[in-house]
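Dear colleague,

Please find below the structure that I am handing over to you, followed by an account of what was found in it. I would be grateful if you read the notes with the coordinates open beside them.

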Amino acid sequence: MSSNDYMIINDDGSTTGVASDVDIFEYAKQYGGKVILKSDYIAPPYVPTFQELALIENQWREDQMVRVANQLLMLEDDDPDAEPGTARQWRDYRIELRKWTETNPDFPNSSKRPVALS
């Protein structure tokens with residue numbers, strides 16, 4: 001096997017490859033890390049960044065705000081297709097949605113979202 005068949009796993013979980021003319025085992029001795037076969041490497045699961053999660057939560061909040069606005073109109077019109085809940089409950093939900101921003105200590109943990117009316 002050649003150096004191209006191996007990679008180095010660093011202490012922080014990152015990986016390092018070396019040029020084909022470098023002895024990967026000597027490199028690891030000098031600079032640290034564990035040499036493994038590339039075929040044995042299993043990438044860690046992807047963890048989204050705060051910014052990525054915030055984008056998702058901001059879109060969810062905007063979608064819910066539209067839902068609330070529609071439900072309030074439907075209640076005002078006595079629409080029989082309105083979802084359950086009173087106008088007050090829908091407005092209270094809207095207030096909670098407005099608080100679901102980066103200033104909220106639980107944001108952007110989707111399990112801590114304001115609870116929608118059902």
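Lys 29 and Glu 26 are joined through their side chains by a salt bridge, with 3.4 Å from N to O. Both residues belong to helix H1 (residues 24-31), where they are three residues apart, about one turn of the helix. Lys 29 is exposed, at a relative accessible area of 66%, while Glu 26 is partly exposed at 44%. Please keep in mind throughout that the model is a predicted one.

Side chains of opposite charge can pair when their charged atoms come close. In the whole structure, a search finds six salt bridges, and two others deserve a description here.

One of them links the side chains of Arg 113 and Glu 57, at 2.7 Å from N to O. Arg 113 lies in the segment after H3 and Glu 57 in helix H2, so this pair ties together parts of the chain that are 56 residues apart in sequence. Is Glu 57 buried or exposed? Its relative accessibility is 2%, and because buried means under 20%, Glu 57 counts as buried. Arg 113, at 25% relative accessibility, counts as partly exposed. Leaving aside residues up to four places away in sequence, Glu 57 touches Trp 100, Phe 107, Pro 108, Ser 110 and Arg 113. The salt-bridge partner Arg 113 is thus listed among the contacts of Glu 57.

Two of these contacts, Phe 107 and Pro 108, call for a further remark. The peptide bond that joins Phe 107 and Pro 108 is cis, with omega at about 5 degrees. Pro 108 is placed in the segment after H3, as is Arg 113.

The other salt bridge is formed by Arg 88 with Asp 92, whose closest N and O atoms are 2.9 Å apart. These two residues are four residues apart in helix H3, and are therefore separated by about one helical turn. Arg 88 counts as partly exposed at 42% relative accessibility, and Asp 92 is likewise partly exposed, with a relative accessible area of 37%.

I turn next to the packing of the helices. Two packed helices are described by the angle between their axes and the distance between the axes. For helix H2 (residues 50-76) and helix H3 (residues 87-98), the axes come within 10 Å and cross at roughly 160 degrees. H2 and H3 are therefore roughly antiparallel to each other, and the crossing in which H2 passes H3 is left-handed. Which residues meet where H2 and H3 touch? From H2 the contact involves Trp 60, Arg 61, Gln 64, Met 65, Arg 67, Val 68, Gln 71, Leu 72 and Leu 75. From H3 it involves Ala 87, Trp 90, Arg 91, Tyr 93, Arg 94, Leu 97 and Arg 98. Sorted by class, the contact of H2 with H3 has nine nonpolar, two polar and five charged residues.

The loop between H2 and H3 holds two residues to note. Asp 78 is found in this loop and has a phi near 55 degrees, a positive value in a residue other than glycine. Most residues other than glycine have a negative phi, and most peptide bonds are trans. Asp 78 is exposed, with a relative accessible area of 66%.

Glu 83 also has its place in the loop between H2 and H3, but is partly exposed, at a relative accessible area of 27%. Not counting residues up to four places away in sequence, Glu 83 touches Arg 67, Gln 71, Trp 90 and Leu 117. Of these, Arg 67 and Gln 71 also take part in the contact from H2, and Trp 90 does so from H3. The C-alpha atoms of Glu 83 and Thr 101 are separated by 25 Å, with their positions 18 residues apart along the chain.

Finally, Thr 16 is located in strand S2 (residues 15-16). Thr 16 touches Met 7, Ile 8, Asn 10 and Tyr 27, again not counting residues up to four places away in sequence. Thr 16 and Lys 38 are 22 residues apart in sequence, and 11 Å apart in space from C-alpha to C-alpha.

With kind regards

How values were computed
Residues numbered from 1 in each chain as written. Predicted model: local features only at pLDDT ≥ 70, side-chain atom pairs only at ≥ 80, totals over all residues. Heavy atoms only, no water. Axes fitted to C-alpha atoms, helices over the stretch in contact; angles between N-to-C directions. Parallel < 35°, antiparallel > 145°, perpendicular 65-115°, else oblique. Left-handed = near helix turned anticlockwise from the far one by under 90°. Contact = heavy atoms within 4.5 Å. Nonpolar A, V, L, I, M, F, W, Y, C, P; charged D, E, K, R; others polar. Salt bridge = Lys/Arg side-chain N within 4 Å of Asp/Glu carboxyl O. Buried < 20%, exposed > 50% of the residue type's maximum accessible area, 1.4 Å probe, protein only.
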